[in-house]
Amino acid sequence: MADPAHVQMQMQGVAPPQVQGLPPALNFLSALSEVNIHQHLDILEVAIGWEKNNKYRLCNSQDQQFMYAKEDTDCCVRQCCGPARPFTMNITDNNEQPLIQLYRPFRCQASLCMCCYLQEMDIMSPPGLSVGGVKQLWTPWKPKFEVHDAQNTPVFHIIGECCFCCPCTDITFQVVDAQKGHEIGQIIKHWGGCREICGAVNDFKVTFPQDLDVMKKTLLLGATFLIDFNYFERNKQ
């Protein structure tokens with residue numbers, strides 16, 4: 001975990017509404033309409049080809065960090081299972097207060113019978129209390145995911161592009177309201193240039209209505225990590 005002294009929360013120019021009972025970082029998230037997610041580039045990991053736990057900075061539109069995400073898996077799982085590995089992702093504020101926990105069980109990623117190996121993720125906030133999850137839907141063409149709440153009621157559908165692995169371009173996933181059927185936001189995987197080619201790290205932007213319920217924003221952040229591992233994570237060995 002990065003030293004909190006070096007990642008002090010900077011919230012200049014934003015006055016988030018105070019929702020009773022929410023930690024400050026989730027209150028800050030409630031005022032945002034965009035979150036940038038930047039994977040940490042570990043030069044030593046690239047140099048020796050030894051897969052380490054992924055780390056990410058979660059920032060506002062001015063790239064001011066307000067959350068930090070760190071993967072928690074053991075060494076053997078990372079080296080043997082690669083991008084298909086099961087993992088727990090712990091998301092904290094800049095003072096290391098636990099806020100959100102993501103759990104992805106093991107699923108095979110490549111099969112002619114994709115309906116038998118669909119990806120899924122449980123999302124908890126605070127850790128231990130489920131607020132919903134994400135599951136992959138089988139389609140023969142475009143990537144598609146269903147985001148559901150704690151009662152297993154569909155909230156959003158996330159629909160990717162046909163050519164979601166094209167290099168040198170941004171890849172957009174539409175976020176569609178599951179009840180009303182219209183787009184309410186996007187998950188954009190930005191092309192990272194040399195940083196992505198050499199370091200195998202990825203950057204995302206998640207957009208949503210500013211007044212969207214903060215727990216629904218949390219669900220979309222969790223879905224972004226599942227999309228990252230499912231389509232864009234590369235084994236560095």
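This is a short tour of a predicted model, one selection at a time.

**Stop 1: the barrel**

Start with a cartoon view of the whole chain. Twelve strands form a closed barrel in the order 1-2-3-4-5-6-7-8-9-10-11-12, with antiparallel pairing. From one strand to the next, the twist averages 20 degrees. As background while you look around, strands of a sheet pair through backbone hydrogen bonds, either parallel or antiparallel.

**Stop 2: where the ring closes**

Now select residues 34-39, which make up strand 1. Five of the six residues here are buried, so this strand is mostly covered. Add residues 203-207, and you have strand 12, which runs antiparallel to strand 1 and is joined to it by five bridges. Then add residues 55-59: this is strand 2, paired with strand 1 in the antiparallel sense over four bridges.

Which residues are the bridge partners of Asn-36? In strand 12 the partner is Lys-205, and in strand 2 it is Cys-59. Show those three residues as sticks to follow the pairing across the strands.

**Stop 3: a buried asparagine**

Go to Asn-202, in the loop between helix 4 (194-199) and strand 12. Is Asn-202 buried or exposed? Its relative accessibility is 2%, so Asn-202 counts as buried. Next, turn on the side chain of Asp-228: a polar contact of 2.9 Å joins it to the side chain of Asn-202. Show the backbone of Phe-232 as well, where the oxygen lies 3.1 Å from a polar atom of the Asn-202 side chain.

**Stop 4: helix 5**

Select residues 214-232 to pick out helix 5. This helix has 19 residues and reaches 26 Å from its first C-alpha to its last, close to the 27 Å expected at 1.5 Å a residue. How many of the 19 residues are buried? The count is 17, and helix 5 is mostly covered. At its start, look at Asp-213: a side-chain oxygen comes to within 3.0 Å of the backbone nitrogen of Met-215.

Bring the strands back into view. Helix 5 lies across strands including strand 1, strand 6 (120-124) and strand 12, and it runs at about 35 degrees to strand 7 (130-137).

**Stop 5: the nonpolar core**

The largest nonpolar core has 47 residues. To find your way into it, select Leu-58, Met-67, Ile-158 and Phe-225, the members that touch the most others. Helix 5 gives the most to this core, with eleven residues.

Stay on Ile-158 and look beyond its sequence neighbours. Its contacts include Phe-145, Val-147, Phe-173, Ile-187, Leu-220, Ala-223 and Ile-227. Val-175 is also one of them, and it makes a good place to go next.

**Stop 6: Val-175 and its strand partners**

Val-175 sits in strand 10. With a relative accessible area of 0%, this residue is buried. Strand 10 covers residues 171-177 and pairs in the antiparallel sense with strand 11 (183-190) over six bridges. Within this pair, select Val-176 and find Glu-183 opposite it in strand 11.

Now try a distance between C-alpha atoms. Val-175 and Gln-186 are eleven residues apart along the chain, yet their C-alpha atoms are separated by 5.2 Å. Gln-186 is also among the contacts of Val-175, along with Phe-156, His-157, Ile-184, Gly-185 and Leu-220. Leu-220 is one of the contacts of Ile-158 too, so you can finish with Val-175, Ile-158 and Leu-220 in one view.

Technical notes: Residues are numbered from 1 along each chain as its sequence is written. This is a predicted model: local features need pLDDT of at least 70, side-chain atom pairs count only at pLDDT 80 or more; totals for chains, interfaces and linings use all residues. Side-chain values use heavy atoms; hydrogens and water are left out. Buried means under 20% relative accessible area, exposed over 50%, partly exposed in between (1.4 Å probe, protein chains only). Helices (H or I, at least four residues) and strands (E, at least two) are DSSP runs, numbered from the N terminus. Two strands pair if DSSP finds at least two bridges between them. A polar contact is a pair of N or O atoms within 3.5 Å; within protein, one must be able to donate a hydrogen and the other to accept it, and residues adjacent in sequence count only if both atoms are side-chain atoms. A nonpolar core is a set of buried Ala, Val, Leu, Ile, Met, Phe, Trp, Tyr and Cys residues joined through side-chain atoms within 4.5 Å. Contact means heavy atoms within 4.5 Å. Axes are lines fitted to C-alpha atoms, for helices over the stretch in contact, and angles run from 0 to 180 degrees between N-to-C directions. The expected span of a helix is 1.5 Å times one less than its number of residues. Lists of a residue's contacts leave out its neighbours within four places in sequence.
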